[in-house]
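I opened the model today to look up a few local features and to write down what I found. The entries follow the order in which I looked.

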Amino acid sequence: MLCYHSLLFAAILVLENQDLQDLIKPQKVEFRSLNFNSTLHWQPGRAREARDTVYFVQYKVATGCLLTSFLLFLHRYGQSTWQNKDDCWGIQHHVCDLTNETFDIQEPYYGRVKAASAGVYSDWSLSCRFTPWRETMIGPPTVTVVHSNKSIMLKLQAPRSAYKRKRGSKIPMTNYYDLLYQVFIINNLLDEQHRVLVYEGKDKVITIEDLRPGVSYCIVAKTYMPMLDRSSAYSNRQCTVLQ
């Protein structure tokens with residue numbers, strides 16, 4: 001009878017642990033990326049997150065089907081196994097920076113997360129396949145009003161990537177994509193929400209003419225990637241009053 005009760009208790013304990021494993025399993029694991037600053041995000045499991053809940057992150061390069069891709073992978077990364085992200089091993093945050101681990105922007109990657117609470121570990125939750133070159137969002141250009149009189153002269157600077165040259169300066173996103181700048185003007189006398197496209201191209205310095213003196217104008221700009229048909233968010237407003 002004692003043996004039966006022990007087995008019954010053990011079975012109940014296994015079921016309870018299994019329930020907790022399912023309840024703490026992370027949800028909605030996904031990569032987010034801006035200018036190749038790539039982070040893995042997730043949400044807590046269905047159970048209310050306990051104070052002792054911690055998370056563990058791994059990443060992996062997704063090998064292709066072609067033999068050449070497989071050989072290249074083996075040469076560069078060794079065996080096709082999951083790698084621990086040491087800085088995100090046993091953390092309480094819901095985000096992990098994998099920028100350095102996804103440095104080869106043409107390669108596809110996976111990330112996965114598991115949780116632990118009260119000595120119980122969940123199964124892994126897997127992200128979708130992530131290829132930085134195709135999926136990173138691009139930031140807006142930096143806009144500087146160089147001069148304003150009867151016209152507005154602007155200086156545009158491409159967004160900078162997460163990666164640096166050997167000398168330490170960040171590599172502009174124009175090194176990775178063929179980019180266009182889209183410049184919009186806002187006449188604050190008419191409608192502060194109405195943006196008029198006044199320029200699209202690659203020039204870094206542009207002049208906007210035929211403007212009314214004494215009027216307050218604001219400039220915003222976007223970066224556009226024709227190849228992927230993708231635009232950035234608008235830049236911060238730069239405003240000036242013509243003399």
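These are my notes on a strand and its partners, a charged patch and two loop residues.

Entry 1. I noted at the outset that this is a predicted model, and I then turned to strand β10, which covers residues 152-157. Its side chains alternate along the strand: I152, L154 and L156 point to one face and are buried, whereas M153, K155 and Q157 point to the other face and are not buried.

Entry 2. I looked up the partners of β10 and found that β9, residues 142-148, pairs with β10 in the antiparallel sense over six bridges, with T142 standing opposite Q157. The two strands form a hairpin, with three residues between β9 and β10. I also found β10 joined to β15 by four bridges, again antiparallel, and here M153 stands opposite T207.

Entry 3. I next looked at charge on the surface, where R160, R165, R167 and K204 form a positive patch. I placed K204 in the loop between β14 (196-201) and β15 (205-208), and I recorded K204 as exposed because its relative accessible area is 57%.

Entry 4. Most residues other than glycine have a negative phi, and I therefore checked for exceptions in the light of that general tendency. F36, in the loop between β1 (27-34) and β2 (37-43), has a positive phi of about 70°, and F36 counts as buried at 0% relative accessibility. A118, in the loop between β6 (109-117) and β7 (120-121), has a positive phi of about 55°, but A118 is exposed, with a relative accessible area of 61%.

How values were computed. Residues numbered from 1 in each chain as written. Predicted model: local features only at pLDDT ≥ 70, side-chain atom pairs only at ≥ 80, totals over all residues. Heavy atoms only, no water. Patch = residues over 30% accessible without salt bridge, like charges linked within 9 Å, V, L, I, M, F, W, Y side chains within 5 Å. Areas by Shrake-Rupley, 256 points an atom, 1.4 Å probe, with all protein chains shown as cover. Salt bridge = Lys/Arg side-chain N within 4 Å of Asp/Glu carboxyl O. Lys, Arg positive; Asp, Glu negative; His and termini not counted. Charge placed at Lys NZ, Arg CZ, Asp CG, Glu CD. Buried < 20%, exposed > 50% of the residue type's maximum accessible area, 1.4 Å probe, protein only. Pairing = 2+ DSSP bridges.
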